[in-house]
Every structure is written in C-alpha cells, then in structure tokens.
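Reader: Could you take me through this structure and show how each label is earned? I am new to this, so please spell out the terms.

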Amino acid sequence: MPKQFLPVKSDVIFRLFFADERNQDSLVGFLKSVLKLPEDDYNEIEIADPHLLREYEGDKLAIIDVKLKTKSRKIVHIEIQLKVTPELKNRIVLYESKLITEQIGSGDDYEIIKKVISIIITDEPLIPDSDRYHHRFVFYDPEAEVEFSDIMEIHTLELEKLPQNTDGTELYDWAKFIAAESEEELDMVEQRNPQVGKAVIKFRELSADERIRDRYERQEKARRDQAAEKRWAIKQRMFDVAKNALQKNISIADIMDLTGLAENEIEGLCV
C-alpha cells in the first residue's frame, strides 16, 4: 500500500522542513523569491525561538511557524494558514506588533528596533479584492504616493490564486512546491526549477522519516477530533434551540429553517 502523501503546506510539515538548519539553502531560496533584501542579508540566517514574548501576566502565548533573523538582524516571521478566518488579518497585525515591541525595553532607544517582515501563506483567498497571489503591504499614503516607514512589512501568498501555468518567476515555483498535493505535482516543480528541485529531494527524505509521518498523522487526528467536537457542540446548541421553539409551538418547518436540523431529528425531540 503506497504511503500517504505529506503536504508541505501542513503547518507541522512546513515548520519541520523550513525551520531545519539542514534545509537553510531551501529557506534562503524561498525568502529570495518573496523579499527584496540586500544580498548580504541572506548570508547569515538565524532560526529563532518561534514563541512570542508575553507582554503581561495572562497574555496569550503566541507560536508562529518559522521565525528567523537575517545578518542585519531583520526579523522575518513565516506562517502558513490553511483556513482563512475572519480575525486572521487582525491577528497578523497583532503578531507584527509583538515582534516590534519585544525588541525594546524600558529606557532603550527607538533606533534599536529592527525591521519586521511577515510572510503569510494561505490555502484560501485572504485578499478577495485582488486576483494576484502575492501582495506586499507597508505603511503607505496612496494619494501622495509616499511611504511613511518600512519598519513593518506584510507579504501574503495565496496558494489558491496560483495560475495553472507558470508566470516565469521563482516565487511561482516555490509556491507550487508548497501547494503540491501529489508526487506528480512535486515532479513537475522539480523538473522545471533546479533550485526548487533540490528542496523537493530534501523534502522526500523528510517524508520518508516514520517519526515525521507519525507526528503528522497524530496532528491530523487531533484536528479531526477537534472538528468533530465542534460540530457536536453546534448540533447540541441547535437541539436546545429546537426544544425551546417547540415549547413555543413554532412549526417544525420553521424550526428546520432556523436550526438546519432534519425533520426526524426535530420530531424526535417531541417524544
């Protein structure tokens, strides 16, 4: 029986691959395809602790997928999100802010603050008003066409928007590598781009590790269990709503519209 394909875009697999110092050449290749930093900045890449500092007692502990520092100490935060939730954009801005504030302490000069860059990869549309799969956001006045500051920068990479055919960029090939859902898709990227092809070879080595597979499968099971619990909780709430509606003599048809429950499920509550 063939082994299950491990997707690069799974957050646990993405983190294990790109945050591994043995794969730093792949990380640098990906960064260069997204960012426009001085070439010297890529010569020293330090993989940092992905935990963001708590600002006060009880503050939520945030963990990002990959956090690194360049030679000039710029901070780059890479995060992959398969699902786009309504609060995602606000959370991204919050994390960027934390990466700024954790750099400076009481009495420190503002000059010590280094640029923070976020690369947010999603499997669903994040910027619905644009067909482009890559965006760069900064503090900018569009009317005066002048940038206020480059201290914070957010890049979005939306995998669902990738065109079927290559646009000839390195970023397209790296995005296709991350978005791949089969060995055949990895083969296509490997054949088209030698640099990304090296990443494909290393990724296959990681995929062959049974410990990695076990970790991925355990995480997927935890996600399925969590989703099932959420569906069960929602269903229970709908049952409560239906019971209250029945007590008020609301028709079964109206309760079906209100709760999404089936007719037999509502009738069962009458017993």
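Reader: Which residue in strand 4 does Glu46 stand opposite?

Author: Glu46 stands opposite Lys69 in strand 4. This is a predicted model, in which local features need pLDDT of at least 70, side-chain atom pairs count only at pLDDT 80 or more, and totals for chains, interfaces and linings use all residues. Residues are numbered from 1 along each chain as its sequence is written, and side-chain values use heavy atoms, with hydrogens and water left out.

Reader: What makes strand 1 and strand 4 a pair?

Author: Two strands pair if DSSP finds at least two bridges between them. Strand 1 (residues 46-47) and strand 4 have two bridges, in the antiparallel sense, so they meet that definition.

Reader: How do you know that 46-47 counts as a strand?

Author: Strands are DSSP runs of E with at least two residues, helices are runs of H or I with at least four, and both are numbered from the N terminus. Residues 46-47 form strand 1. By these rules the protein chain has nine helices and eight strands.

Reader: What makes strand 4 and strand 5 partners?

Author: Strand 4 (residues 66-69) pairs with strand 5 in the antiparallel sense over four bridges. Lys67 stands opposite His77 in strand 5. The two strands form a hairpin with five residues between them, and Arg73 in the turn has a positive phi of about 75°.

Reader: In which sense do strand 5 and strand 6 pair?

Author: Strand 5 and strand 6 (residues 116-122) pair in the parallel sense, over seven bridges. Here Ile75 stands opposite Val116 in strand 6.

Reader: Why is strand 5 called largely enclosed?

Author: Buried means under 20% relative accessible area, exposed over 50%, and partly exposed in between, using a 1.4 Å probe and protein chains only. Six of the seven residues of strand 5 (residues 75-81) are buried, so this strand is largely enclosed by the rest of the structure. Across the 271 residues of the protein chain, 40% count as buried.

Reader: Why is the protein chain described as more spread out than a compact globule?

Author: The globule rule is 2.2 Å times the number of residues to the power 0.38, and the radius of gyration is taken over C-alpha atoms. For 271 residues the rule gives 18 Å, but the radius of gyration is 23 Å, well over that value, so the protein chain is more spread out than a compact globule.
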